[in-house]
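Trainee: Please pick one part of this structure and take me through it closely. I would like to know what pairs with what, and then what else can be described elsewhere in the chain.

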Amino acid sequence: MEGNKINAKIEFADGGVINLELYPDIAPISVANFVALAKAHFYDGLCFHRVIDGFMIQGGGFVFDNNRGLIQKQANPIKGEFRSNGVNNPLRHDKGVISMARTPDKNSASSQFFICVADAHFLDGEYAAFGRCADEESVKTAVRYGKAKTGTWQHFSDMPFNPIVIKSITVE
C-alpha cells in the first residue's frame, strides 16, 4: 500500500502476535480512533468474541469473565469511512485486512474491529477497512485463530470455547 502507514502490533495472552499496517490516508478517523484506544490501553484484556472460520475474527469490545460471560467495554462511535457512507475508501476486504465492526447504523463503529481470514469482498464499500496484516506470519496467526472451536453462549454465537485474549496493542 502506497502512502503513509502506521505500524501496530496485537499481542495475545497465548503468545500469538499479529503485526499490522494502518493506513491513515485511507481511513484517517478509523486509524486515529484505533491508535488512541491502543495508546490508552483500552484493548488490554479484551477478547475476540466472534470467530468464523473462512470469514473473519472480531474483537475489541468485550472482556470475557468465566462467571458473567462477555462484559461490554464502551467507546465513543465514529463516522463510518466507506463508500455507502459517502467516503472514498478503496481498500478491499482481502484476507488479512483489518476493518471496523459496526451495527446497521453506518456511524456506530467504536472500538470493535475484525480481521478477514479470507477474502470478503461483499463487505467492500460497507465497512471501514483501515489496514492489513503486515506480514505473512501475521496472516497465518489470524487464520489460526479463525479455526478456533466455537459455539453459542448466552446470546453470542460464533464465540470461541477457549477465549482469545488481547494482552496489548502497541503502536509505533
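Mentor: Two strands count as paired if DSSP finds at least two bridges between them. Keep in mind that this is a predicted model. The part to look at is strand β1, which covers residues 6-12. Strand β2, residues 17-22, is joined to β1 by six bridges, and the two run antiparallel. To place that pairing in the sequence, find E11 in β1, which stands opposite V17 in β2. Four residues lie between the strands of this hairpin. In the hairpin, G15 takes a positive phi near 95°.

β1 has another partner, strand β11, made of residues 164-171. Five bridges join β1 to β11, and this pair is antiparallel too. Here the residue to find is K9, which stands opposite T170 in β11.

Now the rest of the chain, starting with helix α2, residues 136-146. At its N-terminal end, D135 acts as a cap: a side-chain oxygen lies 3.3 Å from the backbone nitrogen of E137. Within α2, the buried residues are S138, V139, T141, A142, V143, Y145 and G146. As background, residues three or four places apart in an α-helix point the same way, because there are 3.6 residues a turn.

Last comes the largest pocket, with a volume of about 370 Å³. It is lined by 19 residues, and those closest to its centre are Q58, A101, R102, T103 and Q112. By type, the lining has nine nonpolar, eight polar and two charged residues.

Terms used
Residues are numbered from 1 along each chain as its sequence is written. This is a predicted model: local features need pLDDT of at least 70, side-chain atom pairs count only at pLDDT 80 or more; totals for chains, interfaces and linings use all residues. Side-chain values use heavy atoms; hydrogens and water are left out. On a 1 Å grid over the protein atoms alone, a cavity is a set of points where a 1.4 Å probe fits but cannot get out, and a pocket is an open set with protein on both sides within 12 Å along at least five of seven lines; lining residues have an atom within 4 Å of a point. Grid points are joined across faces, edges and corners, and a volume is the space filled by probe spheres set on the points. Ala, Val, Leu, Ile, Met, Phe, Trp, Tyr, Cys and Pro count as nonpolar, Asp, Glu, Lys and Arg as charged, and the others, Gly among them, as polar. Buried means under 20% relative accessible area, exposed over 50%, partly exposed in between (1.4 Å probe, protein chains only). A polar contact is a pair of N or O atoms within 3.5 Å; within protein, one must be able to donate a hydrogen and the other to accept it, and residues adjacent in sequence count only if both atoms are side-chain atoms.
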